[in-house]
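Please look at the sequence and the structure below before reading on, and keep both at hand while following the explanation.

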Amino acid sequence: MADELKVGFIGGGTMARAIAKGFIATNTVRESNIIASATTEKTLAVWKDMGCQTTLINKEVVENSNLVFLAVKPYIIVPVAKEIMSSIDTSRHLVVSVAAAITTDAIEESLPPFTRVIRANPNLACSVQCGALAFCKGRCALAEDVRLIKRLLQTSGMCVEVKESQMNAITAVGGSALAFFFLAIEAMSDGGVRVGLPRALSMDLASQTVLGAARLVQETGKHPAQLKDEVCSPGGTTIAGIQTLERAAFRSCFIDAVDSTTKRAAEIAELQKSKEK
């Protein structure tokens, strides 16, 4: 696959680079078979350092690839799709959008009829090959397209195929939630400093503890509540801390954050639809 597949990224930002690094690190796609476009040479400098081809012209990405990632902001995804429309060969190209909230229908309507489209939802942890990725296929995507995308995206972490109706919720739980945990790690580190730990040590302990908690959930298969109970001893330190979190409605805050993020994704999709009318 590394010699045959040619991959293009329209939009050379952080998420596109994260995905490309997974391809390169696993030798799934050769650096020389990757081309990226961006609006400035400054953005493309990092891609050149990675050994990839670069261009300022989006159509050149399409012309030099079989698999095209649309890695631009949601509000310009449709204009970009319309820009490259004339360069799309439906028998050759598979188009993958990583723009949050934008549906496959919206993308398909901006590309030639029968274009094979897949919508993916990566997260920033793809840059360290520990991402949580989900994708859904458009009306014309083939079974072989699904197999290819799953094989490629698995180089960046966990990857699952889902229904499109679930994608906004996945944006919240599998994408935006990274920031929720960054906030939690920062707060835990601040707490450590508050009780006398050096900042660097406190940050290392907080981040490693969150990593350890995640691995315990994944590797033991136990419910988080069971693991929590295993840490809490009667009358001990942990249950005292749990009581403080419960008083602050810790769980409700997380639930509400996921809910509001999901609703915002739906709002963005609706705003995009209204702009197209």
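**Charged pairs, cores and an annotated position**

Asp 145 is buried, and Arg 116 is buried too. In this predicted model, these two residues meet through their side chains in a salt bridge, with a distance of 2.9 Å from N to O. The pair ties together distant parts of the chain, since Asp 145 belongs to helix 6 (residues 143-153) while Arg 116 belongs to strand 6 (residues 116-121), 29 residues apart.

Strand 6 also holds Arg 119, whose partner Glu 164 lies in the loop between strand 8 (157-161) and helix 7 (167-194), so that distant parts of the chain, 45 residues apart, are again linked. Their side chains form a salt bridge of 3.0 Å, N to O. How exposed is each partner here, Arg 119 and Glu 164? Arg 119 has a relative accessible area of 3% and therefore counts as buried, because buried means under 20%, whereas Glu 164, at 24% relative accessibility, counts as partly exposed.

A salt bridge can also be found within one helix: Glu 267 pairs with Arg 264, and their closest N and O atoms are 3.1 Å apart. Because these residues are three positions apart in helix 11 (residues 250-276), about one helical turn separates them. Glu 267 is partly exposed at 42% relative accessibility, and Arg 264 is partly exposed at 42% as well. Elsewhere, Asp 105, Glu 108 and Arg 139 are joined into one network by salt bridges that share partners. The structure holds twelve salt bridges.

From charged pairs we can turn to nonpolar residues. In soluble globular proteins, nonpolar side chains tend to be buried together. The largest nonpolar core in this model contains 35 residues, and those with the most contacts inside it are Val 7, Phe 9, Ile 34, Trp 47, Leu 67 and Phe 69. Helix 1 (residues 14-25) gives the most to this core, contributing six residues. Another core, of 20 residues, lies apart from it and includes Ile 10, Ile 88, Ala 106 and Val 117.

Ile 10 leads on to one further position, as Asn 58 is in contact with Ile 10, Ser 37, Val 80, Glu 83 and Ile 84, if neighbours within four places in sequence are left aside. Asn 58 is part of helix 3 (residues 58-63), and an unreviewed UniProt entry places the feature "binding site" at this residue. Is Asn 58 buried or exposed? With a relative accessible area of 14%, Asn 58 is buried, and its side chain makes a polar contact of 2.8 Å with the side chain of Ser 37.

Technical notes: Residues numbered from 1 in each chain as written. Predicted model: local features only at pLDDT ≥ 70, side-chain atom pairs only at ≥ 80, totals over all residues. Heavy atoms only, no water. UniProt positions renumbered as here; feature names shortened; annotations may be inferred. Helix = DSSP H or I, 4+ residues; strand = E, 2+ residues; numbered from the N terminus. Buried < 20%, exposed > 50% of the residue type's maximum accessible area, 1.4 Å probe, protein only. Contact = heavy atoms within 4.5 Å. Polar contact = N/O pair within 3.5 Å; in protein donor to acceptor, adjacent residues only side chain to side chain. Core = buried A, V, L, I, M, F, W, Y, C linked by side-chain atoms within 4.5 Å. Salt bridge = Lys/Arg side-chain N within 4 Å of Asp/Glu carboxyl O.
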